[in-house]
Amino acid sequence: MENFKLNTTITATVSGLSYGQKYNENSKSFEEDRTSFQVQTIVFKDNGEMVKKTLKVKKEVSEEQLKTMIGKTFDFSKIEEYSHNNNGFTTYTYSSEDFKPAKEQPKTPVFEVNKKLIIKVDNVIDNTNKNGVSTKLQTIVQDGLRTDLKTVKINDVKATDLQNLKGKEVLITDLRVSKMNGKTYYSSNSKPEAI
């Protein structure tokens, strides 16, 4: 999909680590799998509650290197996102294929899912209503023989401020992706930038 490039990265502080596991058919048991490991991050919610977040990393790393990672923050890339329906709530798990130390080491642990999107803007629509000011950016997306129309809602920005983006490629950061009833919705609180 040339006109629609979604990129996800995760910035996470390593609280703990463990190697992956795989099922051995011969012994009928799970065994340690050193071709992947799991990052565990303990973060605080706004209400002060502690929550454990996890991320599977599909990369072989020595135990010595894993030990040096604890307490440090890393940027994880080549992310795959999996959604799960748990009693009507959608939860997400993530896996990564690559990582590097974060440029900044925060004072408190973080687990941030960062999504950005590059689209070619084909249409700009005023979406202002009783709920507030917003604009919809639309792009026509070709995926093989299939044609789709993707829409991204930009909150708190007037359509007149985005008309100049028509026909241009733009970068949308602070992207939120919601899935409901088999449809995917994209929105952002950040003004898109022409690239």
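Contact here means heavy atoms within 4.5 Å. The model on screen is predicted.

**Stop 1: Val39 and the core around it**

Select Val39. Not counting neighbours within four places in sequence, Val39 is in contact with Val14, Gly16, Leu17, Lys53, Thr54, Leu55, Val57 and Phe76. Now add Ile10, Phe37, Leu55, Met69, Phe76 and Phe99; together with Val39, these touch the most other members of the largest nonpolar core, which has 19 residues. Colour the elements that supply at least two residues each: β1 (4–13), β2, β3 (29–44), β4 (50–57), α1 (63–69) and β5 (73–77). The largest share, 3 residues, comes from β3. In general, nonpolar side chains of soluble globular proteins tend to be buried together.

A second core lies apart from this one. To find it, select Val124, Val152, Ile154 and Tyr186, which are among its 18 residues.

**Stop 2: the five-stranded sheet**

Show β2, β3, β4, β7 and β6 in that order: these 5 strands form an open sheet with mixed pairing. Which strands stand at the edges? They are β2 (16–24) and β6 (80–86); each has a single partner strand, so one side of each has no neighbour in the sheet. On average, neighbouring strands of the sheet are turned by 35 degrees against each other, direction ignored.

Zoom in on β6 and β7 (residues 89–96), an antiparallel pair with 7 bridges. To see one of the bridge pairings, select Ser83 and its partner in β7, Tyr92. Strands of a sheet pair through backbone hydrogen bonds.

**Stop 3: β13 and its two partners**

Move to β13 (residues 169–172). Val170 and Ile172 are on its covered face, while Glu169 and Leu171 are on the uncovered one. In a regular strand, side chains alternate between the two faces of the sheet.

β13 runs antiparallel to β9 (residues 111–120), joined by 4 bridges. It also runs antiparallel to β16 (residues 193–194), joined by 2 bridges. Select Leu171 to see both pairings: Leu171 is the bridge partner of Ile118, and Leu171 also stands opposite Glu193 in β16.

**Stop 4: Gln138**

Finish at Gln138, in strand β11 (residues 134–143). Is Gln138 buried or exposed? Gln138 counts as buried, because its relative accessibility is 15% and the cut-off for buried is under 20%. Display the residues around it: leaving aside neighbours within four places in sequence, Gln138 is in contact with Lys120, Val121, Asp122, Asn123, Ile125, Leu149, Lys150 and Thr151.

Technical notes
Residues numbered from 1 in each chain as written. Predicted model: local features only at pLDDT ≥ 70, side-chain atom pairs only at ≥ 80, totals over all residues. Heavy atoms only, no water. Pairing = 2+ DSSP bridges. Axes fitted to C-alpha atoms, helices over the stretch in contact; angles between N-to-C directions. Buried < 20%, exposed > 50% of the residue type's maximum accessible area, 1.4 Å probe, protein only. Core = buried A, V, L, I, M, F, W, Y, C linked by side-chain atoms within 4.5 Å.
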